[in-house]
Structure formats: C-alpha cells, structure tokens
Amino acid sequence: MTAILPGATIGILGGGQLGRMTAMAARSFGYRVQVMDPDPSCPARFVVDACFEGAWDDAKAAANLARGCDVVTLEIEQLSLDTLRAAQRYAPVRPGESLLAIIQDRIAQKEWLAARQFPVGPFRSIRSLDNMRAALDAFGHDCFVKSARGGYDGRSQLRVTPRAGESAELAWRALGQRPCIAEQAIALDREISVMVARTPSGALKSFPSATNHHENQILAWSVIPSSIPAAIEAEAQRIACSLAERLSLEGILAVEMFLTQDGKLLINELAPRPHNSYHASERSCVVSQFEQHVRAVCDLPLGDTDVIRPAAIVNLLGDAWADGEPRFDRALEVDSVRLHLYEKHTPRPGRKMGHLSAVGDTPEEAVKRVLEAKSRL
Ligand code: ATP
Ligand code: MG
C-alpha cells in the first residue's frame, strides 16, 4: 500500500459539518479537497476546492467527484452502494462498499454483530405488522423502534412505553411501514463511544472513550475522557479494535455503546466516519478525529490519540436561534471556551448548527464550562 501524500486530492461524499471539519484537517496537511452533497451551499462548501451537487444515490455525481481524486471517503453512511461503486471506478473508496452495506441498514448491522458474538441488547428485526406485534409483546411495550434505514439524531425512531400504550399498528405506520428493528429499552448507567482508526496497511489505533449525554435522543454534550472504571475502558477498547479488524476497516469507526446499570457494555450502533461525540478530540487529544480520518484514508502513520487535557463540547441546535442570533460574545467570556459554527443558513429546531468546546483540569470542569457558556447564549 502506498501512502497518498499531501498535495493529492481527497474527495468526500457528503459536505455537512463532518465533511467540513475533515476538509479543514485535510487542508492543514496541504491536501486539496472536493465534496459531493445534495445542497450546493452545504457547510463544507466554504472550505473546499470544489463542490459537486448530487443526491446520496447520484452515481453520476459521485463518479464526477471521484474522477479528480486520489482517494474518496465519506461523512454519511446513507449513500447508495451504486454511488460507491461509481466512485470506486476512479479512486479507492475508504471505507468501502462491503462495510457500508452492513452498517447502513440497522437490521444487517445488528444481525452481523449478534452473529459474531459482539455484545448487543435484545432486539427483533421487523418486516411486517405481525413482526411488530410480536416484538412489542416480547419487550412488554418498553422499547425503541428504529427504521432500518435513514435515521439520525433520533429521527425515524419511536420510543414505545407501556404508559403511552402505542399500538403495534401505530408504530408500524409511524415508521412508514418499512423494515425496522425493535430494541428493548436498556436501563442505562451512561453512554460512551470509542473512535477507532485503521489504515489500508492494517495499522490500528483507538481513542480513549467519550461520555455522551443525550436529550430527546439527540447528543447534547460529550466529554473526553469518559472517566469509566479501567476494566470497562479496556473492554470498550477491545470491542472497538476487534470491530475494526473484523470489518477490515479503512478509515475511522465510531462505536456507540451503552453501559448498563448492571455494569455491562452493549453496542448501540456503529458509524464509519467522524462522529459528534469526538468533536472534543480537537481540543483534548494529540490528534483530532478529523486528522486521524485523513491519515487513515491516505494510509499515513496514524496519530497519537493520548489525552493532553480533558475537553467537552455542547451542541448548538437551531432552537438556540429562536430569539435571534445567540449571544456568542457572552459565551466566549467563559474560561477556555471556543466557538465552532458550521455555516448552516437556516437554524431549524433540532438542527445541529455548531458547538461550543472547553478544556478543564478534569472532565467535570470541562463539562461545567461548556454548559455555563451555553446557558449564557
Ligand atoms: P445519532 O444520530 O445521534 O447517533 P440515532 O438516530 O442514530 O442517533 P440511536 O443512536 O439509535 O439513534 O439512538 C439515539 C439515542 O436514543 C441513544 O443514544 C440513546 O440515548 C437512546 N436509545 C436508543 N436506543 C436505546 C435503547 N435500546 N435503550 C435505551 N436508550 C436508547
Ligand atoms: Mg446513535
């Protein structure tokens, strides 16, 4: 395998905030970058050499992107496999089609994990109303139902509770009468994630885990390191590295995990791209997830993932714009706080517009600072 050296061109399928921040890391290495996105004024638009307009199943646009590239990567898993194949004709696509095929479908992903004895919570694959009835009964109507394809930030999911009494018919209709999975609602101690990188040459390196706090099924804040007991950290690292090997990963992979109240780790889901829960790596670690992404897909030596200083981020959703432009000046008064905006033009409720980050002597202090900064907006 030969390294793709700075000066070469990296293509990214997807130009949202993850593509944008990867592009910024690539640019500091001196790479040229181009992206494909359905939105010609996507967040990455302002930091790349070229932006190709194309939907997630636009094989022609993907081919046009790849034609001028030395390597193609992605920031979203909901790309059609045809799109990846079209790009692959012109440049290596990392991560590749076979990994995407497993991950982009929740049923395929969960079944793949379970078949290989990776730890996952109880789940049922659902392809009909009858399956839905059986699943809700099996879980005592206390579960999450999630579309097999296309969901993110808690969209395309339904939290079913015995109290609300959602019927199987309602759940089946709410999810568009399409394949989905039901997962038993897990009693969580906390949520963590581990980011792992693997190069085409087989080098492997993982980051210390992050602790993630969700509100309404959307990531609210996240901190690195996660301060979990050493034995659980070691187990989380072992799971992430073993997944990267078994999937023959080329690139980076975020492994979202639940730590249950009885001390067990369960894999929630996988994301083969930069992840919201590792935005803090830009401040906490020697090398950020974005730089590691670039190094991995270019087959460069992977960077050091050690924590230099605990760091946290808090997401800024469109809701913060409800009364006009937020008071960023006041947030920036808080010690060590930095502002990251993605240049999205329309602040819709629930839409990730940016984040605030801070470092601290401890993870708790870093979290306290970002939350304080956010409360000042
Ligand atoms: P994201 O894009 O933020 O990763 P998503 O739409 O892919 O979210 P999930 O990660 O599956 O959805 O779920 C979002 C959140 O909902 C989880 O992080 C967790 O807080 C909660 N959740 C999901 N499934 C379960 C479960 N089985 N038990 C308990 N909590 C759950
Ligand atoms: Mg998730």
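A disulfide is a pair of cysteine sulfur atoms within 2.5 Å. The views below are taken from a predicted model.

**View 1. Cysteines without a partner.** A search of the whole structure finds 0 disulfides. For Cys-69, the closest cysteine sulfur belongs to Cys-298 and lies 11 Å away, which is too far for a bond. Cys-69 is buried, with a relative accessible area of 7%. Cys-180 is likewise in no disulfide, and its nearest cysteine sulfur, in Cys-143, is 9.8 Å away. Cys-180 is also buried, at a relative accessible area of 0%.

**View 2. Helix H10 and the residue after it.** Helix H10 covers residues 289–297, and 9 of its 9 residues are buried, so the helix is largely enclosed by the rest of the structure. The buried residues of H10 include the charged residues Glu-291 and Arg-295, and also Phe-290, Val-294, Ala-296 and Val-297. Just after H10, Asp-299 has a positive phi of about 60°.

**View 3. The magnesium ion.** Ligand 2 is a magnesium ion coordinated by OE atoms of Glu-256, which is listed twice, and of Glu-269. These atoms are at 2.0 to 2.7 Å from the ion. Glu-256 lies in strand E13 (residues 251–260) and Glu-269 in strand E14 (residues 265–271), so the pair ties together parts that are 13 residues apart in sequence. Which class does the accessibility of Glu-256 put it in, buried or exposed? At 12% relative accessibility, Glu-256 counts as buried, because the limit for buried is under 20%.

**View 4. The largest nonpolar core.** In soluble globular proteins, nonpolar side chains tend to be buried together. The largest nonpolar core here has 45 residues, of which Leu-13, Leu-243, Leu-253, Met-257, Ile-267 and Leu-270 touch the most other members. Helix H8 (residues 230–246) gives the most to this core, with 7 residues. At least three residues of the core come from each of domain 1 (9–93) and domain 3 (188–375).

**View 5. The surroundings of Leu-13, and a second core.** Which residues does Leu-13 touch, not counting those up to four places away in sequence? Among them are Met-36, Ala-62, Leu-65, Val-72, Leu-74, Ile-76, Leu-79 and Leu-84. Thr-73 and Glu-75 also touch Leu-13. A second, separate core has 22 residues, including Ile-10, Ile-12, Tyr-31 and Val-48.

Notes: Residues are numbered from 1 along each chain as its sequence is written. Chains are lettered from A and ligands numbered from 1 in the order in which they are written. This is a predicted model: local features need pLDDT of at least 70, side-chain atom pairs count only at pLDDT 80 or more; totals for chains, interfaces and linings use all residues. Side-chain values use heavy atoms; hydrogens and water are left out. Buried means under 20% relative accessible area, exposed over 50%, partly exposed in between (1.4 Å probe, protein chains only). Helices (H or I, at least four residues) and strands (E, at least two) are DSSP runs, numbered from the N terminus. Donors are N, O and S atoms within 2.8 Å of the metal (3.2 Å for Na, K and Ca); water is not among the atoms, so sites may look incomplete. A nonpolar core is a set of buried Ala, Val, Leu, Ile, Met, Phe, Trp, Tyr and Cys residues joined through side-chain atoms within 4.5 Å. Domain bounds come from an automatic or database domain assignment. Contact means heavy atoms within 4.5 Å.
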